[in-house]
Amino acid sequence: MSPLAFRVVVAELVRQRGVRAALLVDARDGIPIVSTLDVDVDGDAVAALAVSLQGHARRAVSAAGYGDASFLQVQGDHGWLCVAAAGDFVLAVVAEPRANVALLRLSLLRAREALVG
């Protein structure tokens, strides 16, 4: 997939109402490949956290016998962190509390399909 296609995937995610950051991250080292961030969002920290959470969720779900963890959402006091595995990549979205998480999930799963094929 081309760098332009990566940018298009991230641009689609950030168009959702309430999204403050969208990142495409290398799943092995946690380094952001493409990101769109609000000024006060630390992209490197979000990328590292997203990859770490995805790895822990994947191992936990596998150990429980439920297959592979494809999507994870965490609600905090100030909003949401949504993470989706996408082959060699992890997609991460930081959203405000008012964001429609169901639509974010659909958008992340569509983005994952665009990346994985």
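Contact here means heavy atoms within 4.5 Å. Keep that in mind for the exercises below.

This is a predicted model: local features need pLDDT of at least 70, side-chain atom pairs count only at pLDDT 80 or more, and totals for chains, interfaces and linings use all residues. Residues are numbered from 1 along each chain as its sequence is written, and side-chain values use heavy atoms, with hydrogens and water left out.

**Exercise 1. The fold**

Task: work out how many helices and strands the protein has, and in which pattern they follow along the sequence.

Solution:
- Start with the definition: helices (H or I, at least four residues) and strands (E, at least two) are DSSP runs, numbered from the N terminus.
- Count them up, and you get three helices and five strands.
- Now walk along the sequence, and the pattern reads α-β-β-α-β-β-β-α.

**Exercise 2. The overall size**

Task: find out what radius of gyration the protein has, and what a compact globule would have.

Solution:
- The radius of gyration is taken over C-alpha atoms, and the globule rule is 2.2 Å times the number of residues to the power 0.38.
- For 117 residues, that rule puts a compact globule near 13 Å; the protein has 13 Å, so the two agree.
- As for the box, the C-alpha atoms fill roughly 40 × 35 × 25 Å along the principal axes.

**Exercise 3. Leu24 and the cores**

Task: list what Leu24 is in contact with, then place Leu24 in a nonpolar core.

Solution:
- Skip the neighbours within four places in sequence, and Leu24 is in contact with Phe6, Val10, Ile31, Pro32, Ile33, Val34, Phe89, Val90, Leu91 and Leu115.
- You need two definitions next. Buried means under 20% relative accessible area, exposed over 50%, partly exposed in between (1.4 Å probe, protein chains only). A nonpolar core is a set of buried Ala, Val, Leu, Ile, Met, Phe, Trp, Tyr and Cys residues joined through side-chain atoms within 4.5 Å.
- The largest nonpolar core holds 24 residues, and Leu24, Leu91, Val93 and Leu108 touch the most other members.
- Two or more residues of this core come from each of helix H1 (3–14), strand S1 (19–26), strand S4 (79–86), strand S5 (89–95) and helix H3 (101–116).
- H3 gives the largest share, six residues.
- Another core lies apart from this one; it has 16 residues, including Val46, Leu72, Leu81 and Val83.
- A bit of background: in soluble globular proteins, nonpolar side chains tend to be buried together.

**Exercise 4. Buried or not?**

Task: decide for Gln54, Arg112 and Asp42 whether each is buried, partly exposed or exposed.

Solution:
- Gln54 sits in helix H2 (residues 43–63). Its relative accessible area is 3%, so Gln54 is buried. Beyond four places in sequence, Gln54 is in contact with Ala69, Leu72, Val83, Ala85 and Val90.
- Arg112 is in helix H3, and Arg112 counts as buried because its relative accessibility is 17%. Residues up to four places away aside, Arg112 touches Ser70, Ala85, Ala86, Leu91 and Gly117.
- Asp42 belongs to the loop between strand S2 (32–37) and H2. With 47% relative accessibility, Asp42 is partly exposed.

**Exercise 5. Sequence versus space**

Task: find how many Å separate the C-alpha atoms of Val19 and Trp80.

Solution:
- Begin with Val19, which is in strand S1.
- Along the chain, Val19 and Trp80 are 61 residues apart, while 9.1 Å separates their C-alpha atoms.
- For practice, try Asp42 and Ala21: they are 21 residues apart in sequence and 9.3 Å apart in space, C-alpha to C-alpha.
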